[in-house]
Amino acid sequence: MIDQDGRQPGDPARGARAVLRAMSQDPPPHRLVLGGDAFEAVTAELAAATADIRMSEGLARGADFPVDPD
């Protein structure tokens, strides 16, 4: 790890400042992803999960009680 110091993709000082800025928001975020690679990975996974869930939207909505027309 010592050999990688200063060459890692994330800057610990910038990460700490980002956390402090996030925690000072009103309201603070429920989730905070730090780093470009992490952001890309998380948003890609969320998009894939959303697409998967949407493919079954009809089944999901079909499990509700019928809407009363009155």
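**Group meeting: pocket, patch and one salt bridge**

Gly10, Asp11, Arg14, Gly15, Arg17, Ala18, Arg21, Val33, Leu34 and Gly35 make up the lining of the largest pocket. This is a predicted model, so keep that in mind throughout.

Start with the pocket. Its volume comes to about 160 Å³. What is the lining like by class? Three nonpolar, three polar and four charged residues. As background, rolling a probe the size of a water molecule over the atoms shows where empty space is left.

Now take one lining residue, Asp11. Asp11 sits in the segment before helix 1. Buried or exposed? Neither label fits: Asp11 is partly exposed, because its relative accessible area is 40%, between the 20% and 50% limits. Asp11 also gives us a long span across the model. From Asp11 to Pro66 is 55 residues in sequence. In space, C-alpha to C-alpha, Asp11 and Pro66 are 54 Å apart.

Next, the surface. Which residues form the nonpolar patch? Val19, Met23, Leu32 and Leu34. Together they have about 320 Å² of accessible area. Leu34 belongs to this patch, and Leu34 also lines the largest pocket. Val19 belongs to helix 1. Val19 has a relative accessible area of 33%, so it counts as partly exposed. That value passes the patch cut-off of over 30%.

On to the backbone. Where is the cis peptide bond? It joins Asp26 and Pro27. Omega there is about 0°. Pro27 is in a loop, with helix 1 (12-23) on one side and helix 2 (36-54) on the other.

Last stop, charge pairing. Side chains of opposite charge can pair when their charged atoms come close. How many salt bridges does the model have? The count is one. The partners are Glu57 and Arg61. Their closest N and O atoms are 2.7 Å apart, and the cut-off is 4 Å. Both partners lie in helix 3, residues 57-62. They are four residues apart, about one turn of the helix.

How exposed are the two partners? Glu57 is at 32% relative accessibility, so Glu57 counts as partly exposed. Arg61 is at 58%, so Arg61 counts as exposed; the limit for exposed is over 50%.

To recap. We have a pocket of about 160 Å³, and a nonpolar patch of about 320 Å² accessible area. There is a cis bond between Asp26 and Pro27. And there is one salt bridge, between Glu57 and Arg61. Over to you.

Note on methods
Residues are numbered from 1 along each chain as its sequence is written. This is a predicted model: local features need pLDDT of at least 70, side-chain atom pairs count only at pLDDT 80 or more; totals for chains, interfaces and linings use all residues. Side-chain values use heavy atoms; hydrogens and water are left out. On a 1 Å grid over the protein atoms alone, a cavity is a set of points where a 1.4 Å probe fits but cannot get out, and a pocket is an open set with protein on both sides within 12 Å along at least five of seven lines; lining residues have an atom within 4 Å of a point. Grid points are joined across faces, edges and corners, and a volume is the space filled by probe spheres set on the points. Ala, Val, Leu, Ile, Met, Phe, Trp, Tyr, Cys and Pro count as nonpolar, Asp, Glu, Lys and Arg as charged, and the others, Gly among them, as polar. Helices (H or I, at least four residues) and strands (E, at least two) are DSSP runs, numbered from the N terminus. A salt bridge is a side-chain nitrogen of Lys or Arg within 4 Å of a carboxyl oxygen of Asp or Glu. Buried means under 20% relative accessible area, exposed over 50%, partly exposed in between (1.4 Å probe, protein chains only). Patches are made of residues with over 30% relative accessible area and no salt bridge: like charges are joined within 9 Å, nonpolar side chains (Val, Leu, Ile, Met, Phe, Trp, Tyr) within 5 Å. Accessible areas come from the Shrake-Rupley method with a 1.4 Å probe; for residues, only the protein chains shown count as cover.
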